[in-house]
Amino acid sequence: MSEPWLYYSDSFLAHDTGGHPESPERLRSILKQLETSDLRRHLTVKNPRLIERDLLLRLHEPRYLAELEAFCAQAGSGRRLDEDTIASPGSWAAALNAAGAAVDMTEALLSDRCDTAFSLARPPGHHAMPQHSMGFCLFNNVALAALYALERVGLKRVAILDWDAHHGNGTEHVFYRDPRVFFVSWHQDPNWPGTGLIEDIGEGPGMGYNLNIPLPVGYGDAEFLRTFETLVAPALDKFQPELILVSAGYDAHHADILTQMGLTATGFAQLTEAVMKQAGRHCRGKAGFLLEGGYHVQALANSVSATIDTLLEEQARRFAESLGPAPEVDPLALDALIEKISAVQPLLQRDFKLAADILVD
Ligand SMILES: [Zn+2]
């Protein structure tokens, strides 16, 4: 297996959000940890392109693009674009590069130049809607990557696994009626933005290709892994993705300042190993990871390093953290949750057949 490619641009630091938790400090902390832990030496670092307008227009509305570009040009430091999202003059180029990294990564994976890749980009993307920004996100990077794989490279089936602590509502929205993308989201329940119900399984031709796993506060390593093994792995066996993209947010870490979940850096390593096992099984080991949230800068740096370390070592290691213990939870409720999701999820039913037009001829 080749060493992972890391996509990074200094333009990501120029997306100036003032004192907001989604800050350039997040990336600085990760970069510092990659240097000091010696991981950096093993990574091929790529400077992403600015995404082309025609690719952006495949997802985002022209009116939104015009408004966003004008807003960034006029914005002083830290002006609010919506109730949670801040943009500055550097945000336009940062967003074009973040989306460009998603597309570049997909191209490199699918042309066999690398097997795994990590996009160390901001602004994040999974809340962004076709017609507006949302939740610190400007362009939906992971959705643009999936659309590129489907429409430019010609894949038939892409899986997006979103382990950010918030529901990936933007990504779900884009592909809700689309059988070509199997979208999975783990998220804290209850939590902003309030979407991501178990019963939301897709609609029309996309019925059965959307899996939400809302988890109670405090759930961590054991519970994420168990839902991966009992729900996500069998669904992927049925769907057989040709590429796996991960919306890799790290705010489900127990130390995070915006959420109350219980993952540790070791848990993120184990989840990465589980993803790679599926990628090896279904798509020649091809998996791309895109940074979403994660707001405790040390927990974020530890967890991203744990992910990248697992991509290099091909197996999860234990990571000692000095961030206090993860919370204790009652695991009993998990059985009932798994049972409930299994009952409503079409991909987990024995007689569910994939749509004819997503099968390879
Ligand atoms: Zn999040």
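What is the order of the eight strands in the open sheet? The views below take this predicted model one region at a time.

**View 1. An open sheet with parallel pairing.** The strand order is S2-S1-S5-S10-S9-S6-S7-S8. Strand S2 (44–46) and S8 are the edge strands, each pairing on one side only. From one strand to the next, the twist averages 15°. Strands of a sheet pair through backbone hydrogen bonds, either parallel or antiparallel.

**View 2. Strand S5 beside strand S10, with helix H8 on the sheet.** S5 covers residues 116–119 and S10 covers residues 287–291. The two run parallel, joined by four bridges. Ser119 has Leu290 of S10 as its bridge partner. Helix H8 (residues 265–282) packs on the sheet. H8 touches S5, strand S6 (158–162), strand S9 (243–248) and S10. The direction of H8 makes about 145° with that of S10.

**View 3. Strand S8, a covered edge.** S8 (residues 210–215) pairs with strand S7 (residues 181–188). Six bridges join the two, and they run parallel. Ser185 stands opposite Asn212. How many of the six residues of S8 are buried? Six of six are, and the strand is mostly covered. In a regular strand the side chains alternate between the two faces of the sheet. On one side of S8 lie Asn210, Asn212 and Pro214, all buried. On the other lie Leu211, Ile213 and Leu215, also buried.

**View 4. The largest nonpolar core, centred on its best-connected members.** This core holds 63 residues. Leu120, Trp163, Trp186 and Phe289 touch the most other members. Helix H7 (residues 221–239) gives the largest share of the core, eight residues. A second, separate core has 46 residues, including Leu56, Tyr64, Ala143 and Val158. In soluble globular proteins, nonpolar side chains tend to be buried together.

**View 5. Phe289 and its contacts.** Which residues does Phe289 touch, leaving aside those up to four places away in sequence? Among them are Met105, Ala117, Phe118, Ser119 and Trp163. Val246, Ala248, Thr272, Val275 and Met276 are also touched. Thr307 and Leu311 complete the list.

**View 6. Helix H9 and the residue just after it.** H9 (residues 297–313) has 17 residues. From first C-alpha to last, H9 reaches 24 Å, close to the 24 Å expected at 1.5 Å a residue. Because 13 of its 17 residues are buried, H9 is largely enclosed by the rest of the structure. Glu314 follows just after H9, with a positive phi of about 70°.

**View 7. Salt bridges of Glu35 and Asp38.** The whole structure has 21 salt bridges. Glu35 meets Arg40 at 3.8 Å, N to O. Arg40 has 32% relative accessibility, so it counts as partly exposed. Asp38 meets Arg41 at 3.0 Å, N to O. Asp38 is partly exposed at 36% relative accessibility. Arg41 is exposed, with a relative accessible area of 60%. Side chains of opposite charge can pair when their charged atoms come close.

**View 8. A salt bridge between two loops, and a network.** Glu203 pairs with Arg177, with the closest N and O atoms 3.5 Å apart. Glu203 sits in the loop between S7 and S8. Arg177 sits in the loop between helix H6 (169–175) and S7. The pair links distant parts of the chain, 26 residues apart. Glu203 is partly exposed at 40% relative accessibility. Arg49, Glu52, Asp104 and Glu107 form one network through salt bridges that share partners.

Note on methods: Residues are numbered from 1 along each chain as its sequence is written. This is a predicted model: local features need pLDDT of at least 70, side-chain atom pairs count only at pLDDT 80 or more; totals for chains, interfaces and linings use all residues. Side-chain values use heavy atoms; hydrogens and water are left out. A nonpolar core is a set of buried Ala, Val, Leu, Ile, Met, Phe, Trp, Tyr and Cys residues joined through side-chain atoms within 4.5 Å. Buried means under 20% relative accessible area, exposed over 50%, partly exposed in between (1.4 Å probe, protein chains only). Contact means heavy atoms within 4.5 Å. Two strands pair if DSSP finds at least two bridges between them. Axes are lines fitted to C-alpha atoms, for helices over the stretch in contact, and angles run from 0 to 180 degrees between N-to-C directions. The expected span of a helix is 1.5 Å times one less than its number of residues. A salt bridge is a side-chain nitrogen of Lys or Arg within 4 Å of a carboxyl oxygen of Asp or Glu.
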